[in-house]
Amino acid sequence: LNAQHQVGHYQITFQDPNRSNRAIQTEIYYPSTSSGDNTPVASGQYPVIIFGHGFVMAWDAYQNLWDEFVPRGYIMVFPRTEGNAFSTNHQEFGWDLQFLVNQLQLEGANTSSPINGAVANNTALMGHSMGGGAAFLAADSLCVNGNIQLKTIIGLAPAESSTNGVSSINSALSINVPALVLSGSQDGVTPPVDHHLPMYN
């Protein structure tokens with residue numbers, strides 16, 4: 001598929017009413033007719049990739065991904081929550097990713113949104129390291145509850161998340177959508193035998 005769009009962008013803070021109106025600051029990149037902030041969305045409907053960042057990493061470390069996928073017709077969504085080195089809650093981050101799956105559908109129906117009318121009913125959860133593990137936590141709940149937007153999950157060296165008694169490895173048992181796990185055999189931060197392979201299995 002050839003790149004055919006520019007990259008539009010906006011920042012928005014959503015609030016999750018089920019978690020005391022928890023604020024979820026979010027960066028959204030979308031296919032546009034011209035690059036920049038709040039530029040006109042390109043005509044069409046585009047699948048959504050919701051991306052969880054790695055431990056103590058910022059969303060903008062993943063510009064190579066949005067520069068690759070958005071011009072090819074994907075909306076990429078990056079929650080900025082849980083970036084603090086001293087108090088990272090993987091369960092909350094998983095809930096943020098889960099919340100955004102439905103929230104992006106609402107955003108597509110919102111007439112004042114830059115992506116109004118452009119959001120396809122078709123979502124992937126993707127994440128790196130901690131965010132990969134959190135994507136498994138999110139996919140677990142979505143699959144168990146029969147969510148129809150979630151079509152696939154992609155883990156880039158996904159890390160086992162075990163805060164609050166949750167486990168990405170246990171969550172993987174409930175996931176019934178196609179999954180892709182990218183693993184580096186020499187990964188010293190999330191060794192495959194402890195992280196990627198049990199999730200894949």
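1. The side chain of Thr 39 comes to 3.4 Å from the backbone oxygen of Gly 36, and it also makes a polar contact, at 2.7 Å, with the side chain of Ser 32. This is a predicted model, and the distances quoted in this note are computed from its atoms. Thr 39 belongs to the loop between strand 3 and strand 4, and because its relative accessibility is 11%, below the 20% cut-off, it counts as buried. When neighbours within four places in sequence are set aside, the residues in contact with Thr 39 are Gly 8, Tyr 30, Ser 32 and Ser 34.

2. His 9 may be read alongside Thr 39. His 9 is part of strand 1, which covers residues 6-16, and with a relative accessible area of 14% it is buried. Apart from neighbours within four places in sequence, His 9 is in contact with Glu 27, Ile 28, Tyr 29, Tyr 30, Gly 36, Asp 37 and Asn 38. Tyr 30 therefore appears among the contacts of His 9 and among those of Thr 39.

3. The sheet that holds these strands is an open one, formed by 8 strands in the order 3-1-2-5-4-6-7-8, with mixed pairing. Its edges are strand 3 (36-37) and strand 8 (179-182), each of which pairs on one side only. As a general matter, strands of a sheet pair through backbone hydrogen bonds, in either a parallel or an antiparallel manner.

4. Strand 6 deserves a point of its own. Strand 4 and strand 6 run parallel and are joined by 6 bridges, with Gly 52 standing opposite Gly 127 in strand 6. Strand 6 (residues 119-128) is likewise joined by 6 bridges to strand 7 (residues 150-156), again in parallel, and here Met 126 stands opposite Ile 154 in strand 7. Of the 10 residues of strand 6, 7 are buried, so the strand is largely enclosed by the rest of the structure.

5. Helix 3 (residues 130-144) packs on the sheet, where it touches strand 4, strand 6, strand 7 and strand 8, and its direction makes about 135° with that of strand 6. The helix has 15 residues and reaches 22 Å from its first C-alpha to its last, which is close to the 21 Å expected at 1.5 Å a residue. Helix 3 is mostly covered, with 13 of its 15 residues buried, and just after the helix Gly 146 takes a positive phi of about 70°.

6. Helix 2 lies across strand 1, strand 2 (22-32), strand 4 (46-52), strand 5 (75-79) and strand 6, and runs at about 160° to strand 6. Because 15 of its 20 residues are buried, helix 2 is largely enclosed by the rest of the structure. At 1.5 Å a residue, the 20 residues of this helix (residues 90-109) should span 28 Å, and the 29 Å between its end C-alpha atoms agrees with that expectation. The helix nevertheless has a kink of about 30°, centred on Val 101. At the start of helix 2, a side-chain oxygen of Asn 89 reaches to within 3.0 Å of the backbone nitrogen of Gln 91.

7. Two residues merit a look at their backbone angles. Most residues other than glycine have a negative phi. Asn 21, in the loop between strand 1 and strand 2, has a positive phi near 55°, and Glu 82, in the loop between strand 5 and helix 2, also has a positive phi near 55°. Their surroundings can be told apart by accessibility: Asn 21 counts as partly exposed at 42%, whereas Glu 82 is buried, with a relative accessible area of 13%.

8. A last point concerns Gly 73, in the loop between helix 1 (63-69) and strand 5. At 8% relative accessibility, Gly 73 counts as buried, and, not counting residues up to four places away in sequence, it touches His 5, Pro 31, Tyr 46 and Pro 47. Gly 73 and Leu 106 are separated by 33 residues in sequence and by 19 Å in space, taken from C-alpha to C-alpha.

Terms used. Residues are numbered from 1 along each chain as its sequence is written. This is a predicted model: local features need pLDDT of at least 70, side-chain atom pairs count only at pLDDT 80 or more; totals for chains, interfaces and linings use all residues. Side-chain values use heavy atoms; hydrogens and water are left out. Helices (H or I, at least four residues) and strands (E, at least two) are DSSP runs, numbered from the N terminus. Buried means under 20% relative accessible area, exposed over 50%, partly exposed in between (1.4 Å probe, protein chains only). Contact means heavy atoms within 4.5 Å. The expected span of a helix is 1.5 Å times one less than its number of residues. The bend at a residue is the angle between axes fitted to the seven residues ending there and the seven starting there. A polar contact is a pair of N or O atoms within 3.5 Å; within protein, one must be able to donate a hydrogen and the other to accept it, and residues adjacent in sequence count only if both atoms are side-chain atoms. Two strands pair if DSSP finds at least two bridges between them. Axes are lines fitted to C-alpha atoms, for helices over the stretch in contact, and angles run from 0 to 180 degrees between N-to-C directions.
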